[in-house]
Amino acid sequence: MAKNEKQFVEEITPMEVDFPQWYTDVITKTDLVDYAPIKGFMVIKPYGYALWETIQEFLDKKYKETGHKNVYFPLLIPESLLNKEAEHVEGFAPEVAWVTHGGHKKLEERLCIRPTSETIICTMYAKWLKSYRDLPYLYNQWCSVVRWEKTTRPFLRTSEFLWQEGHTLHETADEAEAETVQQLKAYQALCEEVLAMPVISGQKSESEKFAGGERTYTIEAMMKDGKALQSGTSHFLGQHFTKAFDITFSDREGKLAHPYHTSWGASTRLIGGLVMTHSDNRGLVLPPRIAPTQVVILPIAAQKGNVMEKVDETYSTLKSQGIKVEVDDRDNYSTGWKFNEWEMKGVPVRIEVGPKDIENNQAMVFRRDTLKKESYALDTLTDKISGLLDTIQKDMYNKAKNFMDENTTVVGNMDEFNTMLDEKPGFAKAMWCGDAECEAQIKEETSATIRCMPFTKEELGHTKCFHCGKDAKDMVIVGKSY
């Protein structure tokens with residue numbers, strides 16, 4: 001390793017030494033994010049925001065394909081509206097930020113900065129909805145929300161974060177249930193097809209469900225330290241909010257009825273999940289479908305021979321194929337420094353072209369995910385890059401899936417669970433009695449939580465609850481989480 005490469009790598013704390021510091025080093029030193037002057041808030045820099053834009057594009061297309069439309073509701077919510085649904089306000093009250101003055105004048109009623117938008121949206125739905133012919137309402141908004149967190153970490157948990165929140169109304173419970181599942185599948189597709197991040201989908205327990213909802217569905221991903229990251233949730237809210245906010249419509253028999261309600265959301269937390277699923281001690285490792293730059297071309301000894309002519313030709317051809325490509329022809333940085341910078345930024349493919357390469361009719365191609373370099377014939381270089389990017393995408397998903405599988409353990413009792421937590425942190429597959437008190441004791445004793453009751457069930461060879469020993473009712477995924 002060259003001296004400058006060694007210095008570059010040492011800028012990042014090894015994840016084996018201090019995983020939280022490794023994460024902080026990666027996201028800050030690769031220019032994804034910076035800390036704002038207000039504690040708990042973040043500034044998303046262009047490279048980080050480009051990741052969010054790709055997430056937005058994928059989900060927005062999914063929503064529009066299924067008839068959803070984007071809307072925007074106010075940032076501020078009157079306290080009286082927040083208090084209309086007791087369970088909901090109780091769930092969010094500790095995190096609410098309040099506006100008490102407009103200019104120098106004290107407001108007659110406090111206004112909360114939205115922690116989520118059910119209350120303001122339901123208020124407007126009650127005003128708009130008249131007949132079953134108006135349904136379904138298939139609306140989504142892209143916005144930021146504020147939840148005043150005590151402990152924060154950029155992307156993973158911040159006092160303000162960007163997200164989308166969908167809020168739909170349906171004539172029947174079955175239609176609302178189908179909507180809830182459909183959106184969870186959209187999140188799963190995003191994670192697995194774009195972020196190359198495998199997830200487990202399932203239902204949250206009663207204790208972990210959304211405040212005011214009937215059922216919450218979730219996707220859970222495993223990070224490189226074995227912890228779970230809740231990566232998207234979809235809620236069947238039933239008629240809780242529609243009754244609380246007096247949302248009614250004239251049904252097919254001419255009678256007043258309450259519609260069925262769903263909400264669903266995914267946020268910039270996915271960027272943190274992306275980092276902790278794939279990255280290494282050199283920096284980011286980005287799957288091609290999310291990478292802001294998929295290919296970087298580095299001319300070596302650019303002023304010699306026909307180097308720049310070949311570089312420009314390669315750039316133009318790749319760009320015409322829809323590949324996100326850049327040329328780094330800066331002459332005020334050494335080649336080694338540029339190698340290290342693009343590796344740290346996680347660009348999936350680096351192409352090196354120099355005079356000797358042209359003489360030998362070849363270019364050197366470096367894969368960020370495997371750190372392997374091989375020569376490609378110049379004549380066929382551009383034809384092969386698209387296929388290489390597809391291969392990298394698949395390989396990164398399979399690597400992450402294998403990691404999750406290898407770090408998921410079947411446990412039959414608490415001794416086995418505690419041993420797993422000590423020796424091989426990750427997910428536990430276990431049987432559970434379904435009792436909320438038992439669930440609370442698991443969390444108190446181990447700091448682990450029931451992440452979900454997965455949709456895909458397995459025969460684990462156990463019939464008793466792994467914690468209390470009572471007859472089990474369901475298979476669950478258990479683990480520590482962010």
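**Exercise 1. Determine how much surface the chain exposes, and what share of its residues is buried.**

Solution. Start with the accessible area of this predicted model: the chain exposes about 21,900 Å², of which carbon and sulfur atoms supply 48%. Then turn to the residues, counting as buried those under 20% relative accessible area; by that criterion, buried residues make up 52% of the 482 residues in the chain.

**Exercise 2. Decide whether the overall dimensions of the chain agree or disagree with those of a compact globule.**

Solution. First take the expected value, which for 482 residues in a compact globule is a radius of gyration near 23 Å. Next set against it the 25 Å of the chain, which agrees with that expectation. Along the principal axes, the C-alpha atoms fill a box of roughly 80 × 55 × 50 Å. Finally, consider the contacts with a separation of 6 or more, of which 68% are accounted for by residues 24 or more positions apart.

**Exercise 3. Describe the largest pocket, from its volume to the elements and residue classes of its lining.**

Solution. Begin with the volume of the largest pocket, about 1,300 Å³. The lining comprises 43 residues, and those closest to the centre of the pocket are E95, R147, R157, E208 and Q230. Then place the lining within the secondary structure of the chain, which has 15 helices and 23 strands: the helices α5 (86–92) and α15 (436–446) each supply at least two lining residues, as does each of the strands β8 (160–170), β11 (228–238), β14 (260–267) and β22 (449–454). Last, sort the lining by class, which gives 13 nonpolar, 17 polar and 13 charged residues.

Methods
Residues numbered from 1 in each chain as written. Predicted model: local features only at pLDDT ≥ 70, side-chain atom pairs only at ≥ 80, totals over all residues. Heavy atoms only, no water. 1 Å grid on protein atoms, 1.4 Å probe; cavity = no way out; pocket = protein on both sides within 12 Å on 5 of 7 lines; lining within 4 Å. Points joined across faces, edges and corners; volume = space filled by probe spheres on them. Helix = DSSP H or I, 4+ residues; strand = E, 2+ residues; numbered from the N terminus. Nonpolar A, V, L, I, M, F, W, Y, C, P; charged D, E, K, R; others polar. Rg over C-alpha atoms; globule rule 2.2 N^0.38 Å. Buried < 20%, exposed > 50% of the residue type's maximum accessible area, 1.4 Å probe, protein only. Contact = heavy atoms within 4.5 Å. Areas by Shrake-Rupley, 256 points an atom, 1.4 Å probe, with all protein chains shown as cover.
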